[in-house]
Amino acid sequence: MTDYSVLVKLDFSNAFNCLRRDCMLKTVADQLPGLYRFCWISYGNATALRFGGSTVWSAEGVQQGDPLGPLLFCLTIQPLLGSLSSDLVAGYMDDVTVGGSMSTVADDISSIATEGPRYGLQLNSSECEAISTTGAVIYPVLSGFAQKTPGSATLLGTPLSAGPVMTECLTFRCDDLSRAMDRLKLISAHDALVLLRNSLSAPKLLYTLRAACCVDHHQLTVIDDYLRSGLSSICNVSLTDDQWLQASLPVLNGGLGLRRVS
């Protein structure tokens, strides 16, 4: 049997809320003893969560809104990730990615499924993905995962290739912008322009533009056309090509700061 390479994206069920606090506190005591007393005050006993006349005792996971929450979660699962043998082992919070030869990755997934419950982590197979050139992984431990090819896969919300998945991602942003334009007509022109410039235009695409190679993609021009049309509607003017070019310059250079994504 040929041992192909595979990239697997793992998803855990309600990971932050299910992390075992005893494991978390032990890890803090071993790795960051200076923080232990503070963490013990916060997580040493169950927390009463009240809603109306009801009380729910929270005894698992890190609290939402806790600035230390991401650190405590990552610190706790680091030994689990460190025990894996795959060529690529990467974790961003609860988004874990494992890559390498199919047999090694399969062994690591089995290890995570076995050892994960010790930390309160349960694999959510329906949301896990196996990415390979064939789009069909034969190992039983991976067969229940969603099967993807590089041309249809994303990693941390970013397309892995310039194929159909890139078009799908940019089309989604285009539809999102079109929907926003219809709603901006309901508020004052000044507020609409501020929202369009600072939140709904290029800023919505910066992550994709920086993380994926989408240069010269035709959908970027479509998004620019929506921006131009929206600006014309907000300002109640018909922009010439030169006026649109100037409007897309930074404010420092005499423009409106409504940057063209193309």
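Buried means under 20% relative accessible area, exposed over 50%, and partly exposed in between, with a 1.4 Å probe and protein chains only. The model is predicted, with local features needing pLDDT of at least 70 and side-chain atom pairs counted only at pLDDT 80 or more, while totals for chains, interfaces and linings use all residues. Residues are numbered from 1 along each chain as its sequence is written, and side-chain values use heavy atoms, with hydrogens and water left out.

**Exercise 1. Find the aromatic pair and state how accessible each ring residue is.**

Step 1. Rings of Phe, Tyr and Trp (its six-membered ring) pair if their centres lie within 6.5 Å, and planes under 30 degrees apart count as stacked, over 60 as edge-to-face and the rest as tilted. A search of the whole structure under this rule finds one aromatic pair.

Step 2. Phe16 and Phe73 form a stacked pair, with 4.4 Å centre to centre and 15° between the planes. Phe16 belongs to helix 1 (residues 15–18) and Phe73 to helix 4, so that the pair links distant parts of the chain, 57 residues apart, where helices (H or I, at least four residues) and strands (E, at least two) are DSSP runs numbered from the N terminus.

Step 3. Phe16 is partly exposed, at a relative accessible area of 23%, whereas Phe73 is buried, at 0%.

**Exercise 2. Describe the largest nonpolar core and the contacts of Leu72.**

Step 1. A nonpolar core is a set of buried Ala, Val, Leu, Ile, Met, Phe, Trp, Tyr and Cys residues joined through side-chain atoms within 4.5 Å. The largest such core has 33 residues, of which Val8, Leu10, Leu72, Leu142 and Phe145 touch the most other members.

Step 2. At least two residues of this core come from each of strand 1 (5–10), helix 2, helix 3, helix 4, strand 5 (95–101) and helix 5 (102–115). A second, separate core of 22 residues includes Met181, Ala202, Cys214 and Ile223.

Step 3. With neighbours within four places in sequence left aside, Leu72 is in contact (heavy atoms within 4.5 Å) with Leu19, Met24, Val28, Cys39, Tyr43, Val62 and Asp66.

**Exercise 3. Identify the buried residues of helix 2 and the elements they pack against.**

Step 1. In helix 2 (residues 21–31), the buried residues are Arg21, Cys23, Met24, Leu25, Thr27 and Val28.

Step 2. These buried residues pack against helix 3 (33–43), strand 2 (47–51), strand 3 (54–58) and helix 4 (69–82).
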